[in-house]
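Biologist: Hey, got a few minutes to walk me through this one? I'd like to start with what touches what.
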Amino acid sequence: MRMDTKLLEDLNAQLNREFFASYLYFGMATYFAEINMEGFAKLTKNHAKEELEHAKRIYDYIILRDEKVNLLKIDAPDTNWNNPIDAINAALDHEKFVTDNIHRIYKDSKEKNDYPLEVFMQWFVQEQVEEEHLFQSMLDKMSYIKDCECEIVNIDRELKIENNYVE
């Protein structure tokens, strides 16, 4: 069954968003490394790799459906964050943007009776719940420390321990 032209276009755009997300998180990893926040750097570097896996998943699916992968230009992300809270807030905002697009593709696949795509997108719907939760919970922790910014160092230390498997 051939994919609807608009659905294929949207799926290729989502492939691009996943590549961009990886680029964004590598930018964050660089930012955190530059300010000596090794835990945050490891977390965001690991997340960049995860986003590449998401892109690969979409790429492989398009090929499996005998459709054309359209590799779009990947824009450079804005990496001018003022502090760690600003960077994590940008990550959450980006994940919310991705969630909106995932939901739209899922809804459109359902409306166009593309059952294989609908089932495929269910994994991404669930994944976005986890993605948003990760960054929201970090922001929640960080919001409690406004009076003691030194506490961000403790969060960084925890992240370093939790993500010690990342190179």
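Modeller: Sure. When I say contact, I mean heavy atoms within 4.5 Å. Also, this is a predicted model, where local features need pLDDT of at least 70, side-chain atom pairs count only at pLDDT 80 or more, and totals for chains, interfaces and linings use all residues. Residues are numbered from 1 along each chain as its sequence is written, and side-chain values use heavy atoms, with hydrogens and water left out.

Biologist: Okay, so what is D114 in contact with, leaving aside neighbours within four places in sequence?
Modeller: D114 touches M1, M3, L7, Y61, R65 and S109.

Biologist: And where does D114 sit?
Modeller: D114 is in the loop between α3 and α4. Helices here are DSSP runs (H or I, at least four residues), and strands are too (E, at least two), numbered from the N terminus.

Biologist: Is D114 buried or exposed?
Modeller: D114 is buried, because its relative accessibility is 2%. The cut-offs are under 20% relative accessible area for buried, over 50% for exposed, and partly exposed in between, using a 1.4 Å probe and protein chains only.

Biologist: Which side chain does D114 have a polar contact with?
Modeller: That's R65, at 3.0 Å. A polar contact is a pair of N or O atoms within 3.5 Å; within protein, one must be able to donate a hydrogen and the other to accept it, and residues adjacent in sequence count only if both atoms are side-chain atoms.

Biologist: What about N113 in that loop, what's its phi?
Modeller: N113 has a positive phi of about 55°, although it is not a glycine. N113 lies in the loop between α3 (84-111) and α4 (115-143). It counts as partly exposed, because its relative accessibility is 42%.

Biologist: Where else is there a positive phi in a residue other than glycine?
Modeller: At N36, where phi is near 60°. N36 is in the loop between α1 (5-34) and α2. It counts as exposed because its relative accessible area is 68%.

Biologist: Switching topic: how many salt bridges does the structure hold?
Modeller: Nine. A salt bridge is a side-chain nitrogen of Lys or Arg within 4 Å of a carboxyl oxygen of Asp or Glu.

Biologist: Show me some in α2?
Modeller: One is E38 with K42, at 3.7 Å from N to O. E38 and K42 are four residues apart in helix α2, so about one helical turn separates them. E38 is partly exposed at 38% relative accessibility, whereas K42 is buried at 16%. Another pairs K56 with D60, the closest N and O atoms being 2.8 Å apart. K56 and D60 are also four residues apart in α2, so about one helical turn lies between them.

Biologist: What about α3?
Modeller: There, K107 and E111 form a salt bridge at 3.0 Å, N to O. They're four residues apart in α3, which means a separation of about one helical turn. K107 is partly exposed at 47%, and E111 is exposed at 53%.

Biologist: Which residues are linked in a network of salt bridges?
Modeller: K6, D10 and R104.

Biologist: Last one: which residues make the nonpolar surface patch?
Modeller: Y59, I63 and L71 make that patch, of about 300 Å². Patches are made of residues with over 30% relative accessible area and no salt bridge: like charges are joined within 9 Å, nonpolar side chains (Val, Leu, Ile, Met, Phe, Trp, Tyr) within 5 Å. I63 lies in helix α2 (residues 38-64), and it is partly exposed because its relative accessible area is 42%.

How values were computed
Accessible areas come from the Shrake-Rupley method with a 1.4 Å probe; for residues, only the protein chains shown count as cover.
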